[in-house]
Amino acid sequence: MRILLATRNAGKLDELRRIVVKRGLGEVRVLGLSDVEDFPEAPETGATFEENAVAKAHDAAKATGLPAIADDSGLSIDALGGMPGVLSARWSGQHGDDEANLRLVLGQLQDVPDERRGGGFVSAAAFVVPDGKEIVVRGEWRGTIIREPRGTNGFGYDPIFVPDGETRTAAQLQPAEKDAVSHRGKALRSLLPHLQEYVEG
Ligand code: ITT
């Protein structure tokens with residue numbers, strides 16, 4: 001059986017693949033979007049992470065005929081009223097330009113004191129089977145936005161995010177450490193039993 005991880009974001013794909021493969025689902029072959037014929041990317045127009053995740057998984061399942069997992073995620077910062085949120089990938093106007101997005105956030109938080117720099121990552125993960133079931137779950141990861149990037153692991157806003165209870169940024173955690181506590185790790189782990197049920201038929 002083949003299951004598609006429907007993302008064009010390389011950092012996200014690594015994490016999804018690690019978490020799903022770790023589960024050891026028997027004969028399942030996990031594919032990324034680059035393993036299937038390309039199809040046009042639908043615009044992300046939903047107001048919520050859940051809406052976007054379901055829409056992405058649906059599009060991928062419909063285009064490929066494969067069961068698909070999609071993640072819609074982002075960083076919601078308290079002092080910015082929850083922004084960038086669903087706009088995290090394109091906050092600077094350039095979709096997927098992690099450095100520009102991160103620099104813009106740091107600039108916007110320049111005058112915000114340390115005690116008001118809280119925020120959290122959110123991941124909505126959807127599993128959609130062509131003409132079949134549809135499940136969406138959510139994981140969250142709270143922390144603080146620091147003033148200067150640190151670390152080279154991970155992707156996106158990881159270098160400016162220090163999770164609660166940590167002194168290191170998410171980009172200074174080892175990949176397995178991040179997976180164990182991250183928004184994506186939490187969301188995926190609540191999705192995996194549904195995947196297993198589907199695989200075992
Ligand atoms: P796909 O839609 O193809 O999956 P995307 O990058 O456009 O890729 P999203 O719209 O869900 O995906 O945007 C997610 C953005 O949120 C991502 O580009 C990062 O800027 C940020 N983000 C999400 N999870 C993150 C994480 O674990 N660490 C750091 N930044 C993260």
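Asp 72 sits in strand β3, where strands (E, at least two residues) and helices (H or I, at least four) are DSSP runs numbered from the N terminus. Asp 72 counts as buried because 28 C-beta neighbours fall inside 10 Å; the cut-offs are 20 or more other C-beta atoms within 10 Å for buried, 12 or fewer for exposed, and partly exposed in between, with C-beta atoms placed from the backbone. Two UniProt annotations, both from an unreviewed entry, land on this residue: "binding site" and "active site". UniProt positions follow the numbering used here, feature names are shortened, and annotations may be inferred rather than shown by experiment.

All of this comes from a predicted model, in which local features need pLDDT of at least 70, side-chain atom pairs count only at pLDDT 80 or more, and totals for chains, interfaces and linings use all residues. Residue numbers start from 1 along each chain as its sequence is written. As for confidence, the chain has a mean pLDDT of 95, and 100% of its residues reach 70 or more; pLDDT is the predictor's confidence in each residue, on a scale from 0 to 100. For the complex, the predictor gives an ipTM of 0.98 and a pTM of 0.96.

Now for the strands. β1 (residues 2–5) and β2 (residues 29–32) run parallel and are joined by 4 bridges; pairing here requires that DSSP finds at least two bridges between two strands. Within this pair, Arg 2 stands opposite Arg 29 of β2, and Ile 3 has Val 30 as its bridge partner in β2. Helix α1 (residues 10–22) completes the picture, making a right-handed β-α-β unit with β1 and β2. Right-handed means that, with the strands pointing away from the viewer, the path from the first strand over the helix to the second runs clockwise. β1 also runs parallel to β3, with 2 bridges joining them, and Leu 5 has Ile 69 as its bridge partner in β3.

On to the antiparallel pairings. β3 and β4 pair in the antiparallel sense over 10 bridges, with Ser 123 in β4 as the bridge partner of Ser 73. β4 (residues 118–128) is mostly covered, as 9 of its 11 residues are buried. β4 is also joined to β5 (residues 134–145) by 11 bridges, again in an antiparallel arrangement, and here Gly 118 is partnered with Thr 144 of β5. In a regular strand, side chains alternate between the two faces of the sheet.

The hairpin formed by β4 and β5 has 5 residues between the strands. Asp 131 lies in that loop and has a phi near 55 degrees, a positive value in a residue other than glycine. With 8 other C-beta atoms within 10 Å, Asp 131 is exposed. A second backbone detail turns up at Pro 84: the peptide bond from Met 83 to Pro 84 is cis, with omega near -5 degrees. Pro 84 is located in the loop between β3 and α3. For context, most residues other than glycine have a negative phi, and most peptide bonds are trans.

What surrounds the ligand? A shell of 25 residues does, the closest being Thr 7, Asn 9, Ser 88, Ala 89 and Gly 156. The elements giving two or more residues to this shell are β3 (68–77) and α3 (98–108). A residue counts as near the molecule if its C-beta atom, placed from the backbone, lies within 6 Å of it. β3, the strand that holds Asp 72, gives the most to the shell, with 5 residues. By class, the shell has 6 nonpolar, 10 polar and 9 charged residues. Ala, Val, Leu, Ile, Met, Phe, Trp, Tyr, Cys and Pro count as nonpolar, Asp, Glu, Lys and Arg as charged, and the others, Gly among them, as polar.

Finally, there is Gly 185, placed in helix α5 (residues 183–200). Gly 185 is buried, with 21 other C-beta atoms within 10 Å. Gly 185 and Arg 142 are 43 residues apart along the chain, and their C-alpha atoms are separated by 13 Å.
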